[in-house]
Amino acid sequence: MAGPQCCENPPALSSSSGHGSVLELGGLKTYVSGSSNSKHAILLISDVYGYEAPNLRKLADKVAAGGYYVVVPDFLYGDPYNPENKEKPIQVWIQSHGTDKGFEDAKQVIAALKDKGISPIGAAGFCWGGKVVVELAKSDTIQAAVLLHPSFVSVDDIKEVKAPIAILGAEIDQLSPPELVKQFEEILSSKPEVDRFVKIYAGVSHGWTVRYNVEDKKAVQSAEEAHQDMLDWFTKHVK
């Protein structure tokens with residue numbers, strides 16, 4: 001399921017990117033942005049390129065500006081996918097970077113936030129991170145979930161969702177094609193107790209919300225439209 005599209009447009013990783021800082025949270029190195037005095041937290045879970053992606057950190061800062069304490073943990077343990085490493089193609093890399101481990105780690109991060117008195121908590125996952133977030137959304141761990149061009153998410157996953165969920169899909173996506181996203185919407189519409197928002201963005205490809213070219217005005221605009229929809233969802237359910 002981890003096809004070539006999941007790895008297109010790799011970011012130039014930078015440990016110094018963003019306005020926030022890196023500290024340890026729940027046993028993981030974590031990029032944090034916003035005031036730790038905020039009682040509302042947002043957990044952002046990266047794609048296969050990890051927590052040093054500049055566009056992801058820029059988005060964390062943007063969310064933090066809305067009054068949230070934003071945390072972006074290194075669920076990949078300093079070993080993001082590297083397309084230059086021919087000895088470790090994505091199919092090999094993914095074997096030692098399972099979303100199941102990501103889910104267990106995410107629960108530790110959420111517990112650490114709650115220990116600090118920070119709650120409610122929303123979570124957004126990009127590609128790889130989408131699967132981790134849908135697992136969190138099956139329990140009472142988080143108060144709102146957003147999946148952005150998710151990978152590995154199945155119809156059965158969506159059937160078990162309990163938390164309010166937004167699913168933001170791309171028109172051009174082999175990992176979560178529009179037909180599958182529409183199936184997700186049908187399942188959610190049969191669960192009136194779960195608030196939902198499902199949208200397919202025209203003319204964009206898998207990864208568009210974080211792996212856009214900052215020089216491409218149209219790409220930035222498409223990404224920002226999705227970012228705003230994500231923020232609106234968190235305003236509704238976390239604030």
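**Exercise 1. Find how strand S3 and strand S5 pair, and place them in the sheet.**

Solution. Strand S3 (residues 41–45) and strand S5 (residues 121–126) pair in the parallel sense, and five bridges join them; here strands (E, at least two residues) and helices (H or I, at least four residues) are DSSP runs numbered from the N terminus, and two strands pair if DSSP finds at least two bridges between them. The model is a predicted one, in which local features need pLDDT of at least 70, side-chain atom pairs count only at pLDDT 80 or more, and totals for chains, interfaces and linings use all residues. Residues are numbered from 1 along each chain as its sequence is written, and side-chain values use heavy atoms, with hydrogens and water left out.

As a next step, take a single residue: Leu 44 has Ala 124 in S5 as its bridge partner. Then widen the view to the open sheet, where eight strands follow the order S1-S2-S4-S3-S5-S6-S7-S8 with mixed pairing. At the edges stand strand S1 (21–25) and strand S8 (196–205), each of which pairs on one side only. On average, neighbouring strands of this sheet are turned by 25° against each other, direction ignored.

**Exercise 2. Determine which strands helix H1 and helix H3 touch or cross, and at what angles they run.**

Solution. Begin with helix H1 (residues 54–64), which packs on the sheet and touches S1, strand S2 (28–33), S3, strand S4 (69–73) and S5; its direction makes about 50° with that of S2. Such angles run from 0 to 180 degrees between N-to-C directions, with axes as lines fitted to C-alpha atoms, for helices over the stretch in contact. Helix H3 (residues 99–115) lies across S1, S2, S3, S4 and S5, and runs at about 160° to S3.

**Exercise 3. Describe the surroundings of Leu 56.**

Solution. First locate the residue: Leu 56 belongs to helix H1. Next consider its accessibility: Leu 56 has a relative accessible area of 2% and is therefore buried, a word that stands for under 20% relative accessible area, while exposed means over 50% and partly exposed lies in between (1.4 Å probe, protein chains only). Finally list its contacts, meaning heavy atoms within 4.5 Å: leaving aside neighbours within four places in sequence, Leu 56 is in contact with Leu 44, Ser 46, Gly 50, Tyr 51, Val 72, Phe 126 and Val 210.

**Exercise 4. Work out how many residues of helix H4 are buried, and what they pack against.**

Solution. Helix H4 (residues 128–136) is mostly covered, as nine of its nine residues are buried. They are Trp 128, Gly 129, Gly 130, Lys 131, Val 132, Val 133, Val 134, Glu 135 and Leu 136. The buried residues of this helix pack against S3, H3, S5, strand S6 (144–148), helix H5 (155–159) and strand S7 (165–172).

**Exercise 5. Compare the surroundings of three salt bridges: are their residues buried or partly exposed?**

Solution. A salt bridge is a side-chain nitrogen of Lys or Arg within 4 Å of a carboxyl oxygen of Asp or Glu, and by this rule the count comes to 12.

1. Glu 135 forms a salt bridge with Lys 138, and their closest N and O atoms are 3.2 Å apart. Glu 135 is buried at a relative accessible area of 19%, and Lys 138 is buried at 15%. Both residues also belong to a network of salt bridges that links Lys 131, Glu 135, Lys 138 and Asp 157.
2. Asp 79 and Lys 88 meet through their side chains in a salt bridge (3.5 Å, N to O). Asp 79 counts as partly exposed at 27% relative accessibility, and Lys 88 counts as partly exposed at 28%.
3. Lys 159 and Asp 156 form a salt bridge at 3.8 Å, N to O; both lie in helix H5, three residues apart, about one turn of the helix. Lys 159, at 48% relative accessibility, counts as partly exposed, and Asp 156, at 48%, counts as partly exposed.

**Exercise 6. Summarise the chain as a whole: how many helices and strands are there?**

Solution. The chain has seven helices and eight strands. Its radius of gyration is 16 Å, close to the 18 Å that the globule rule gives for 239 residues, so the chain is as compact as a globular protein of that length; the radius is taken over C-alpha atoms, and the rule is 2.2 Å times the number of residues to the power 0.38. Buried residues make up 54% of the 239 residues.
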